[in-house]
Amino acid sequence: MASQIQERLTTDQDLLLMQEGTMLRKVRTKTWKKPRYFRLQNDGMTVWHARQADGIAKPTFSISDVETIRKGHDSELLRYLMEEFPLEQGFTIVFHGRRPNLDLVANSVEEAQMWMRGLQLLVDLVASMNSQEQLEQWVRDWFNQGDRNQDGRMNFQETQRLLLLMNVEMDEDYAYSLFQEADVSQSDTLEGEEFVQFYKALTKRTEVEELFTNFSSDGQKLTLLEFVDFLREEQKEKDHAADLALEFIDRYEPSENGRLLHVLSKDGFLSYLCSKDGSIFNQDYLPIYQDMTQPLNHYYINSSHNTYLLRNQLCGQSSVEGYIRALRRGCRCVEVDVWDGPDGEPIVYHGHTLTSRILFKDVVATLAQYAFQLSDYPLILSLENHCTWDQQRTLAKHLTEILGEQLLSTTLEELVVDKLPSPEQLRGKILVKGKKLSIIEDTEVEEEEEEGLEKDQDSDMDSDTFSVLNVQPERESQELPLGIKDKKKFYLNSRTILCPDLSALVVYMRTVPFFSFTHSKENYHIYDVSSFSETKAKHLIREAGNEFVQHNARQLCRVYPSALRTDSSNFKPQEFWNAGCQMVAMNMQTAGCAMDICDGFFRQNGGSGYVLKPEFLQDIQSSFNPQRPISLFKAKILLVQVISGQRLPKVDKTKENSVVDPLVKVEVFGIPEDTAKQETNYVENNGFNPYWGETFCFRVQVPELVMLRFVVKDYNWTSRNKFIGQYTLPWTCVKQGYRHISLLTKDGTSLQPASIFVYICMQEDLEVDES
């Protein structure tokens, strides 16, 4: 049961010192800074902390939860405290998902570097594990938890406790029979390999063995031809089945002799089914697979709303960390609400609220550093400008000087004038989306100082905002710029005078107010972008769905959450994607079904943040209406058999004796008539290997727009069922056949090795429309 981690724990000097432990200062806020004794546990996978070296310790984090380690210079909080703590002695532990970062300060630079090197080494080792190594590590962790006295063996009482920890309630006699079978040394304890055998007996997959036997002539192995038949008939691999059979046998058959003979054993068959090649997500669609040379308005764009906020919309914290997290999730359109700040420096916060404030220049510096770490396709900076003339010049200065060559400040020479540039043409570029001056014919403006005025109708401060906040919009109070003489004419409510320096940085994304689809078609250009609140967008879809589709085929649009969502909740983006809306802005700080759909959709195409819209949503003469889809689409029948679950986690890990009663809900999101859900019965007291064996049927009218979501919940007859895990993906990325679905947490992070086993079949709908 040895592993790379165990080997390094005894040889790496940093890890040896970390196992001894050191006193570090834990920094939560600008005022909460307390010393704690941190120590790497002997398993090499968890770090615990206590108030002092001999104090009562409790777990702090698992290495598998850590995404990366940052230097103190990259911490927003530690930079603020740099006069109190040298930045070289600080470091930040960044977790997967939405878990807050952990800022720590060591007693010396050397100590900080020791922790940083050691932790990053462990993170890299965990990341490099294949699925089999991850499973072995998981088994090893359970053995360590079950071995209560840490003597390297487990008696039957410890084994019974472990079963409850592993989320399974088993008959005592049956459990004891498995224990005795594994105890080949007859020592009444399980050691090393004996525990592995006990685990294998515990995880015996009867449903997989039956499937194997159906295709195996001798019940012991699959010949090459038998495996080809399985891949062709059940997995729908069609013409590629023969080549894939050879490839998979070579990859997953554990026996060297089996590989030479081109046969697949039961263990090899199970390894294939549990691998990425047996995943429900088509591996061909994980890298960039779409044409990236189409105009920007032909793509869905992963977009964020009020990106700077980490929590709610009224009094939440503003932080550059919001931008880092959004970019790590593949976001390609971030929002900046910028206002006049002290000392001539513009600030970012949610105006007219109690949210905290950060410097605009810090936001821009963060974008410069992180914009293209995950995706090198263009990043759109949606600028909500509320600044006065002078501070707008400062905005332009920061954007130009900090972003440098990253900022797109001129049009592309090779661009055709009647089309927006493509993601491919704009790789590595940051585009400013905002207001832009136009020539105003006005006798009161001197010719040499022509300036413009744009209505502030693109702001997320829609009509709901002021009623929620119970305030009135601010009136302008700055001095008039040179050349503008009529104060009454230009200082109207909710209007901002635009500085030419800032206007010049808006190249392809000029924000304009929306009046009607006819007005937009007759007056706006391909580079004009209108924003809609979710309320307005829903109304337009209901009343003029086809016109909205055609509008979005011509130019870009952005949809943002209602101001009534002060808790930073989300709408489901599907409704707006159905109408071809490109930038559907999400509150990315809030987990839930809506963000599962968003994350699942943008997982495809290399996680680039750009997904090509279906052709019928790219056509400016499209007849498609998401509310009333035309009969040109061939309906499909989706069959989903939910077979079994594997190694589901507890809902409440603090209760050793609690075991989940899992059920699976299958949800389909698409056009209104395609949206449906069905769920299995619950399995009582078994989260380890529950079996359902239930089949559902869904009729889908427009499969190109469908998202599938699998949710596992713990049944509770006294209250709402509790979330265990989920997985969401587009219809277009689904692999048919017998597939494992690796579950994710609410935050979208891995629940490895938790999974469900399903069978998927897509068929043409043979029902004849007699009308």
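**Close-up views of the predicted model**

**View 1. Aromatic pairs, including the pair of Y682 and Y715.** Y682 is partly exposed, with a relative accessible area of 37%; buried means under 20%, exposed over 50% and partly exposed in between (1.4 Å probe, protein chains only). Y715 also falls in the partly exposed class, at 28% relative accessibility. The model is predicted: local features need pLDDT of at least 70, side-chain atom pairs count only at pLDDT 80 or more, and totals for chains, interfaces and linings use all residues. Residues are numbered from 1 along each chain as its sequence is written, and side-chain values use heavy atoms, with hydrogens and water left out. The structure holds 37 aromatic pairs (Phe, Tyr or six-membered Trp rings with centres within 6.5 Å; planes under 30 degrees apart are stacked, over 60 edge-to-face, the rest tilted). One of these is the tilted pair of F616 and F624, whose centres are 4.8 Å apart and whose planes stand at 50° to each other. F616 is buried, at 15% relative accessibility, and F624 is buried with a relative accessible area of 1%. The rings of Y682 and Y715 form a stacked pair, with 4.0 Å from centre to centre and 5° between the planes. This pair links distant parts of the chain, 33 residues apart: Y682 belongs to the loop between β27 (676–679) and β28, and Y715 to the loop between β29 (707–714) and β30 (722–730).

**View 2. Strand β25 and its two antiparallel pairings, with β32 and β28.** Strand β25 spans residues 636–646, and 8 of its 11 residues are buried, so the strand is largely enclosed by the rest of the structure. Strands (E, at least two residues) and helices (H or I, at least four) are DSSP runs numbered from the N terminus. With β32 (residues 750–764), β25 pairs in the antiparallel sense over 10 bridges (a pairing requires at least two DSSP bridges). Within this pairing, L639 has C761 of β32 as its bridge partner. With β28 (residues 691–700), β25 again pairs in the antiparallel sense, here over 8 bridges. K636 is bridged to V700 of β28, and L638 stands opposite F698 of β28. The covered face of β28 carries W692, E694, F696, F698 and V700, whereas Y691, G693, T695, C697 and R699 make up the uncovered face.

**View 3. Surroundings of helix α8 and the crossing of α6 and α7.** In helix α8 (residues 192–202), the residues E194, F195, V196, F198, Y199 and L202 are buried. The buried residues of α8 pack against α5 (131–146), β8 (153–154), α6 (156–165), α7 (172–182) and β9 (190–191), with contact meaning heavy atoms within 4.5 Å. Helices α6 and α7 also pack against each other, at an angle of about 120° and with their axes 11 Å apart. These axes are lines fitted to C-alpha atoms over the stretch in contact, and angles run from 0 to 180 degrees between N-to-C directions. The crossing of α6 and α7 is right-handed (the near helix is turned clockwise from the far one by less than a right angle). At this crossing, F156, T159, Q160 and L163 of α6 meet E172, A175, Y176 and F179 of α7.

**View 4. A cluster of rings and two arginines placed over ring faces.** Ring pairs join F212, F215, F227, F230, F248, Y252, F269, Y272, Y738, F757 and Y759 into a cluster. R205 lies over the face of F757, at 5.2 Å from the ring centre (a charge sits over a ring if NZ of Lys or CZ of Arg is within 6 Å of the centre and within 35 degrees of the ring normal). R357 is placed over the face of Y349, at 3.9 Å from the ring centre.

**View 5. Backbone details at P753, N306 and H352.** Most residues other than glycine have a negative phi, and most peptide bonds are trans. The peptide bond from Q752 to P753 is cis, with omega near 10°; P753 lies in strand β32. N306, which is not a glycine, has a positive phi near 40°. N306 is found in the loop between β12 (299–304) and α14 (321–328) and is buried, at 1% relative accessibility. H352, likewise not a glycine, has a positive phi of about 65°. H352 lies in the loop between β14 (347–348) and β15 (358–359) and counts as partly exposed, at 21% relative accessibility.
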